[in-house]
Amino acid sequence: MASFNSVLFLTLLVAISALMAAPSAVEAGFDENEVVNVTGTVPCAVNPTYSLSGTLRGNTFPNATVELRCGRNDTIVASNTTNANGTFSILVVDPRRDAAIVYLRTPLNCTVVVPTPLSTCNSSLTVNGTLESRLTYGPIIRVNATKMFILFARRFRFVNQPI
């Protein structure tokens with residue numbers, strides 16, 4: 001029969017090995033000092049036009065609801081409203097407490113959706129459909145100990161949804 005010291009030593013050795021093999025929070029993709037900011041300008045058009053740099057040409061959509069949707073089920077992760085200039089910012093402050101950060105690290109899995117009808121900004125436009133934009137990576141800004149990941153919603157497109 002193994003002595004108590006041998007069993008204790010073996011248990012400690014296995015526990016230490018497991019801890020060393022497990023990824024740290026940073027390696028696993030989570031950091032308590034990370035913030036994600038999704039930003040963009042929403043057009044008031046069915047066929048918006050953009051400059052080569054991605055800047056919107058034409059009218060913007062003030063006071064529109066903007067939703068950040070992620071995953072296969074298009075789960076609404078966060079939302080905000082555009083300002084008078086049609087721009088918005090959706091800030092996810094403590095992403096490690098929200099599963100959305102997993103999706104936010106892969107912008108192809110998230111979209112920005114504007115469910116507010118286009119007729120709200122221009123009565124001659126349709127009441128059906130939504131504007132949608134994929135996300136693209138922006139800069140990573142460091143402010144003291146906080147790292148801010150900027151994601152851009154650019155080049156919105158109209159998605160028709162019949163009644």
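A salt bridge is a side-chain nitrogen of Lys or Arg lying within 4 Å of a carboxyl oxygen of Asp or Glu. In this predicted model, that rule gives a count of two salt bridges.

One of these joins Arg157 and Glu132, whose closest N and O atoms are 3.9 Å apart. Arg157 belongs to strand β10 (residues 157-159) and Glu132 to strand β8, so this pair ties together parts that are 25 residues apart in sequence. How exposed is each partner? Arg157 counts as partly exposed, at 49% relative accessibility, whereas Glu132, at 17%, counts as buried.

The side chains of Glu67 and Arg69 also meet in a salt bridge, with an N to O distance of 2.5 Å. Glu67 has a relative accessible area of 12% and is buried. Arg69 is buried as well, with a value of 19%; the cut-off matters for this residue, because buried means under 20%.

Attention now turns to the nonpolar interior. The largest nonpolar core has 25 residues, and those with the most contacts inside it are Val38, Phe88, Val112 and Phe156. Two or more residues of this core come from each of β1, β4 (65-70), β6 (87-92), β7 (110-114), β8 (130-143) and β9. Phe88 offers a good place to look around. Which residues does Phe88 contact, leaving aside its neighbours within four places in sequence? Among them are the core residues Val38, Val112 and Phe156. Phe88 is also in contact with Thr39, Gly40, Thr41 and Val42, as well as with Val66, Thr81, Thr82 and Ala153.

Empty space can be explored too. Rolling a probe the size of a water molecule over the atoms shows where such space is left. In this model, the largest pocket holds about 190 Å³ of space. Its lining is made up of 14 residues, and the closest to the pocket centre are Thr41, Gly54, Thr55, Leu56 and Arg154. The elements that give two or more residues to this lining are β1 (34-41) and β9 (146-153). With three residues, β1 gives the most. What classes of residue line the largest pocket? The lining has eight polar, four nonpolar and two charged residues.

A last stop is Ser51, found in the loop between β2 (49-50) and β3 (56-57). Ser51 is buried, with a relative accessible area of 13%. When residues up to four places away in sequence are not counted, Ser51 touches Arg57 and Arg155.

How values were computed. Residues are numbered from 1 along each chain as its sequence is written. This is a predicted model: local features need pLDDT of at least 70, side-chain atom pairs count only at pLDDT 80 or more; totals for chains, interfaces and linings use all residues. Side-chain values use heavy atoms; hydrogens and water are left out. On a 1 Å grid over the protein atoms alone, a cavity is a set of points where a 1.4 Å probe fits but cannot get out, and a pocket is an open set with protein on both sides within 12 Å along at least five of seven lines; lining residues have an atom within 4 Å of a point. Grid points are joined across faces, edges and corners, and a volume is the space filled by probe spheres set on the points. Helices (H or I, at least four residues) and strands (E, at least two) are DSSP runs, numbered from the N terminus. Ala, Val, Leu, Ile, Met, Phe, Trp, Tyr, Cys and Pro count as nonpolar, Asp, Glu, Lys and Arg as charged, and the others, Gly among them, as polar. Buried means under 20% relative accessible area, exposed over 50%, partly exposed in between (1.4 Å probe, protein chains only). Contact means heavy atoms within 4.5 Å. A nonpolar core is a set of buried Ala, Val, Leu, Ile, Met, Phe, Trp, Tyr and Cys residues joined through side-chain atoms within 4.5 Å.
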